[in-house]
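Me: I want to practise reading single residues in a model. Walk me through a few.

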Amino acid sequence: MIHCGMATIKGREIYAKEAIKSIYYQVESITIVQNDYFNPFLFNDPLKKINVLNPKKHGFKDIGDANKFRTIQKSEYHLSIDDDLIYHHSFVWSMLRFLMNENTDVVSHHGRVMKQTAKDYYADKLFVHRCTLKEPKSRKVDFGGTGCMLIDNREKWISINDFHASNMADIFVGIKAKYCKKDIWALKHGEEFINLSYTGNDTIWNKDHKKTRVKTATQNRYLKLWQEI
C-alpha cells in the first residue's frame, strides 16, 4: 500500500490542490498536514482517501516540511511530496518499479552529493540532481529531496521521531538512511516530469538562502553528524 504525505502552509492552497490532484489516483491514501491553518474541505476527495491534520488541533508539533512524514510509521511505502510541485501521471509507478527492481529502500528525483570535506550543507555540494530539469541517468546521492521521494518502510526503519528540527527533512532522511545502511537514489527523468507551480519568496529553499546564523549552525551540526556515521 502506498501512502502519500504532504505538509503545507496558508497562502499555498491553490498550489497544494494542484499537487494533490496530480498524485491523487497514484496512491491509496493521503495525509495532508496544514501546519498553520485547518480546512479539511479544501481538497476534492471523491474516493475518501484524504486525511487532513493540523498540529494544534490534533496535538503534535509543527516541524514544517517534516510533517509530510507524520504518518510514515503506518506506511508500507511512503510517498512524500511538496505543495509547490505537479507530478507526472507515471511518477509513483516508475519510482516503485525502480525500488523493486534494484531492491533498494529510498528513491527520489532530486538529490545532492556532498564534497568529502563538506562543512556547509548548501555551499559544499559536489553535484545536484534536479527534479525540475532533465536528468539522463539515475545515481546514488547523499541526500534525497523529500518533495519527490518514495520510501520502502515495510521494516519500519524510519519514523517521525527521526526528524528533530523544522524544515530539514532532507537532512534527517539522509542521516537515518546512512545509519541504517540504506542507499538513496536520485532517478533519471525527462523535462516536465515534475513541474514547479509556485515560485514565491516563502519557499523553504528561498528562506534557507536568507537563513539566520542559528539555522546555518543547526544544519551544519547535523551535516557533521551525518559525516561521522
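Me: Is Ser 138 buried, partly exposed or exposed?

Reply: Partly exposed means lying between the 20% and 50% cut-offs. In this predicted model, Ser 138 has a relative accessible area of 24%, so Ser 138 is partly exposed.

Me: Where does Ser 138 lie?

Reply: In a loop. That loop runs between strand 8 (125-129) and strand 9 (139-141).

Me: Which residues does Ser 138 touch?

Reply: Leave out residues up to four places away in sequence. Then Ser 138 touches Phe 98, Trp 185, Ala 186, Leu 187 and Lys 188. Lys 188 offers a further detail: the Ser 138 side chain reaches its backbone nitrogen at 2.9 Å.

Me: How far is Ser 138 from Tyr 25 in space?

Reply: C-alpha to C-alpha, 25 Å, with their positions 113 residues apart in sequence.

Me: Now Asn 51. Which element holds Asn 51, and what does Asn 51 touch?

Reply: Asn 51 sits in strand 3 (residues 50-53). Beyond its sequence neighbours up to four places away, Asn 51 touches Ile 30, Thr 31 and Ile 32. Its relative accessibility is 40%, so Asn 51 counts as partly exposed.

Me: Which residues form a nonpolar patch on the surface?

Reply: Patch members need over 30% relative accessible area. Here the patch is Tyr 179, Leu 225 and Ile 229, together with about 310 Å² of accessible area. Take Leu 225: helix 6 (residues 213-228) contains Leu 225. Leu 225 is partly exposed, at a relative accessible area of 39%.

Key
Residues numbered from 1 in each chain as written. Predicted model: local features only at pLDDT ≥ 70, side-chain atom pairs only at ≥ 80, totals over all residues. Heavy atoms only, no water. Helix = DSSP H or I, 4+ residues; strand = E, 2+ residues; numbered from the N terminus. Buried < 20%, exposed > 50% of the residue type's maximum accessible area, 1.4 Å probe, protein only. Contact = heavy atoms within 4.5 Å. Polar contact = N/O pair within 3.5 Å; in protein donor to acceptor, adjacent residues only side chain to side chain. Patch = residues over 30% accessible without salt bridge, like charges linked within 9 Å, V, L, I, M, F, W, Y side chains within 5 Å. Areas by Shrake-Rupley, 256 points an atom, 1.4 Å probe, with all protein chains shown as cover. Salt bridge = Lys/Arg side-chain N within 4 Å of Asp/Glu carboxyl O.
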